[in-house]
Amino acid sequence: MPSDLFGPLFADDAVAAQTDDGAVLRALLDVEAALARAEASVGVIPADAADAIVAATSGSFDVAALGRAAQSSGNPVVPLVRALEKELPESARPWVHHGATSQDVLDTALMLVAYRATGPILDALRAATDTLAALAQRHRGTLMVGRTLGQQALPTTFGLKAAGWLVALDTAAARLRTVRESTLAVQFGGAAGTLAALRDRGLPVAAALAAELGLAEPTVPWHTDRQRILDLGAGLAGIAAALGKVSLDLTLLAQSEVAEVAEGGGGGGSSAMPHKRNPAGSILVRSAGLRTPGLLATLHTAAAQQEHERATGGWHAEWEPLRELLDVVGGASARAARILADLRVDADRMRATLDATGGVLLSENVSGALAGELGRSAAHDLVKNAVASGRPLREVLLDAGVASDRVDAALDPANYLGSADALVDRALAAHAETWRGSAG
């Protein structure tokens with residue numbers, strides 16, 4: 001969980017407030033209260049017992065004491081139930097946690113934690129993608145160098161680059177929203193997944209419990225079917241990957257030799273070099289993309305270690321990585337939204353970098369433009385030799401007798417952008433559709 005020293009770098013307060021120990025305890029208590037209400041609603045337990053249980057869950061419980069007591073049972077639900085019983089009148093004690101097993105309560109609580117934590121994550125992603133949409137629109141005509149395999153390739157626009165970031169992040173956000181709305185489900189199966197303790201009332205209680213908590217109702221209990229956890233983990237990891245790509249591009253574009261973008265405020269300083277203006281925010285966002293694969297791998301490994309009806313360790317291995325994923329991705333999402341909102345784009349520098357190539361990046365366009373006049377092979381050789389000579393391409397072409405107006409048209413990067421403008425339009429339309437009907 002976020003520490004006082006590193007937490008501000010990698011986590012977000014709004015998300016951490018939904019994932020810390022206190023939030024998990026609150027979710028556990030909320031599940032016990034919802035279970036009591038659900039069972040009373042279908043006549044499984046007395047209404048006055050349910051009222052007493054709900055009242056007891058609003059009390060104060062010692063998180064550290066519960067953690068220490070959990071060592072003997074292997075999970076914190078057992079000592080929590082005992083603590084709740086002590087707060088209840090004698091008549092209500094038999095009904096607390098009735099028909100449930102510890103995994104039912106803890107799995108459902110973690111689903112609640114995930115539901116609550118993904119709310120602010122999606123809010124941050126909405127803000128980040130709205131900013132990217134604005135950047136794509138504003139800079140649809142801002143020419144820059146397109147780079148492939150680490151080398152300068154062809155002209156492109158910063159608007160199209162931002163549109164690429166936008167589509168990737170919108171896709172990842174939509175995936176997480178789907179997980180939040182339909183995959184996060186209650187867990188309710190009893191000791192071995194049969195709900196035997198509730199006789200014929202098990203399914204009505206499960207439905208009522210899902211309704212109480214606002215979570216999905218699963219087809220069957222999922223004690224050893226961890227696909228929901230994998231879907232959640234993959235959704236979070238996808239966001240970290242999309243943000244990692246954006247932050248890596250920003251870090252490269254902010255290099256001293258490139259200097260085409262800069263983080264607001266001039267970036268971060270160095271403890272040793274006063275001249276440094278490091279892209280500190282982008283670096284921290286990128287770190288999330290580097291941390292999430294290991295966390296996701298743990299969830300995948302645990303999902304494959306789920307023997308029979310209840311797992312011996314595979315279940316327990318998920319708890320901390322899942323919370324860490326929520327924290328890491330939450331922190332990266334919030335930080336990315338802030339970085340993008342204050343990003344400095346140097347359009348003049350981008351054009352200067354493009355012009356510094358002397359027209360070399362337009363060699364493909366020039367060859368095509370001259371093929372009809374000189375022949376395909378002759379045009380290709382002329383451009384190839386011009387590039388090899390190191391002389392400005394325009395100068396070589398004029399010396400070869402090509403008319404200046406034809407040379408200038410062929411060497412104008414704005415004339416060789418293909419469908420860049422239309423692609424930006426498509427990205428903006430897809431963005432609007434992605435968030436149509438969502439809050440915010």
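Trainee: What volume does the largest pocket have?
Mentor: About 410 Å³. Keep in mind that this is a predicted model.

Trainee: How many residues line the largest pocket, and which lie nearest its centre?
Mentor: The lining has 17 residues. Nearest the centre are Asp21, Val24, Leu28, Pro76 and Arg323.

Trainee: And what kinds of residues are in that lining?
Mentor: Eleven are nonpolar, three are polar and three are charged.

Trainee: Which helices supply at least two residues each?
Mentor: Helix H3 (21-41), helix H5 (63-69), helix H7 (102-138) and helix H12 (319-341).

Trainee: Which gives the most to the lining?
Mentor: H3, with four residues.

Trainee: New topic, the nonpolar core. How many residues does the largest one have?
Mentor: It has 109 residues. Ile121 and Phe188 have the most contacts inside it. Among the helices, H7 gives the most to this core, with 17 residues.

Trainee: Is there a general reason why such residues would be buried together?
Mentor: In soluble globular proteins, nonpolar side chains tend to be buried together.

Trainee: Back to Phe188. What is Phe188 in contact with, leaving aside neighbours within four places in sequence?
Mentor: Its contacts include Leu35 and Glu39, then Gly99, Ala100 and Asp104. Further along the chain, they include Leu195, Leu198, Val205, Leu209 and Pro221.

Trainee: What other core lies apart from the largest one?
Mentor: One of 18 residues. Leu362, Val366, Ala379 and Ala386 are among them.

Trainee: Val366 is in helix H14 (residues 363-374), then. Which residues of H14 are buried?
Mentor: Asn365, Val366, Ser367 and Leu370.

Trainee: What do they pack against?
Mentor: Helix H15 (376-389), helix H16 (393-399) and helix H17 (404-410). Just after H14, Gly375 takes a positive phi of about 95°.

Trainee: Now Thr57. Where is Thr57 placed?
Mentor: In the loop between helix H4 (47-56) and H5.

Trainee: Buried or exposed?
Mentor: Thr57 is buried, because its relative accessible area is 3% and the cut-off for buried is under 20%. Not counting residues up to four places away in sequence, Thr57 touches Arg26, Leu29, Glu32, Ala33 and Leu84.

Trainee: Last one, the strands. In which sense do strand S1 (residues 143-148) and strand S2 (residues 151-157) pair?
Mentor: Antiparallel, over five bridges. Arg147 has Gln152 in S2 as its bridge partner.

Trainee: How many residues sit between the strands of that hairpin?
Mentor: Two. In this hairpin, Leu149 takes a positive phi near 55°.

Notes:
Residues are numbered from 1 along each chain as its sequence is written. This is a predicted model: local features need pLDDT of at least 70, side-chain atom pairs count only at pLDDT 80 or more; totals for chains, interfaces and linings use all residues. Side-chain values use heavy atoms; hydrogens and water are left out. On a 1 Å grid over the protein atoms alone, a cavity is a set of points where a 1.4 Å probe fits but cannot get out, and a pocket is an open set with protein on both sides within 12 Å along at least five of seven lines; lining residues have an atom within 4 Å of a point. Grid points are joined across faces, edges and corners, and a volume is the space filled by probe spheres set on the points. Ala, Val, Leu, Ile, Met, Phe, Trp, Tyr, Cys and Pro count as nonpolar, Asp, Glu, Lys and Arg as charged, and the others, Gly among them, as polar. A nonpolar core is a set of buried Ala, Val, Leu, Ile, Met, Phe, Trp, Tyr and Cys residues joined through side-chain atoms within 4.5 Å. Buried means under 20% relative accessible area, exposed over 50%, partly exposed in between (1.4 Å probe, protein chains only). Contact means heavy atoms within 4.5 Å. Two strands pair if DSSP finds at least two bridges between them.
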